[in-house]
Amino acid sequence: MGDSVSCVGHITTGVPQGSVLGPLSFLLYVNDICYAVPDTKIKLFADDTNLFIYDKNFTNLYRRASQSWHQLFEWFVANKLSLSVDRTCYSVFGIKLTDLQNIELKTNGRCIRLVESCKYLDIIVDKDLNWHGHMNYVYERLIN
């Protein structure tokens, strides 16, 4: 603290945080992520990455999700970006969670969490695509 001094180091990759050009530099840096997983919709908001995969056949969906996830993870590694597996999750819409008991998506041997709801652009989206979770979220924010 107070009179502490940091060691000097050399940074070879990344974008400067807190700079005026930092957000633009980051966007330019990740500009090609949309080509990382062909035939899959990737949506970015700041440093949040969302992958949208759909299929009418569950077996095909799982295969595509596993393959897409692997391709996206390889892109992160190739671009020297880290992925917070603890903050990474996925949802499946239109299927009962009991049907997903033996389904696992993994990265580097670590399982990605299957969740019933998640926040997307500050909206709570749940597996049933209803507004109950979001309404409760907004209500809690209003009363606190």
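Phe52 is partly exposed in this predicted model. Its relative accessible area is 34%. That value falls between the cut-offs of 20% for buried and 50% for exposed, so Phe52 belongs to neither group. Tyr120 is also partly exposed, at 25% relative accessibility.

These two residues form an aromatic pair. The ring centres of Phe52 and Tyr120 lie 5.6 Å apart. Their planes meet at 80 degrees, and the arrangement is edge-to-face. An angle over 60 degrees is what earns that label. Phe52 sits in strand E2, which covers residues 48-52. Tyr120 sits in strand E7, which covers residues 117-120. The two residues are 68 positions apart in sequence, so their pairing ties together distant parts of the sequence.

The structure holds two aromatic pairs. The other joins Trp75 and Phe76. Its centre-to-centre distance is 5.6 Å. The planes stand at 90 degrees, and this pair too is edge-to-face. Trp75 is buried. Phe76 is buried as well. Phe52 and Tyr120, by contrast, are partly exposed.

Backbone angles come next. Most residues other than glycine have a negative phi. Asp122 has a positive one, near 65 degrees. This residue lies in the loop between E7 and strand E8, the latter spanning 123-126. Asp122 is partly exposed, with a relative accessible area of 37%.

Leu129 also has a positive phi, near 55 degrees. Its place is in the loop between E8 and helix H3. Helix H3 runs over 132-143. Leu129 has a relative accessibility of 58%. The cut-off for exposed is over 50%, so Leu129 counts as exposed.

Lys127 lies in the loop between E8 and H3 too. How accessible is Lys127, buried or exposed? Its relative accessible area is 18%. Buried means under 20%, so Lys127 is buried. Leu129, in this loop as well, is exposed. The side chain of Lys127 makes a polar contact with the side chain of Asp128. The distance in this contact is 3.2 Å. The limit for a polar contact is 3.5 Å, so the pair qualifies on distance. Lys127 and Asp128 are adjacent in sequence, and such neighbours count only if both atoms are side-chain atoms. Here both side chains take part.

Notes: Residues numbered from 1 in each chain as written. Predicted model: local features only at pLDDT ≥ 70, side-chain atom pairs only at ≥ 80, totals over all residues. Heavy atoms only, no water. Phe/Tyr/Trp six-rings, centres within 6.5 Å; stacked < 30°, edge-to-face > 60°. Helix = DSSP H or I, 4+ residues; strand = E, 2+ residues; numbered from the N terminus. Buried < 20%, exposed > 50% of the residue type's maximum accessible area, 1.4 Å probe, protein only. Polar contact = N/O pair within 3.5 Å; in protein donor to acceptor, adjacent residues only side chain to side chain.
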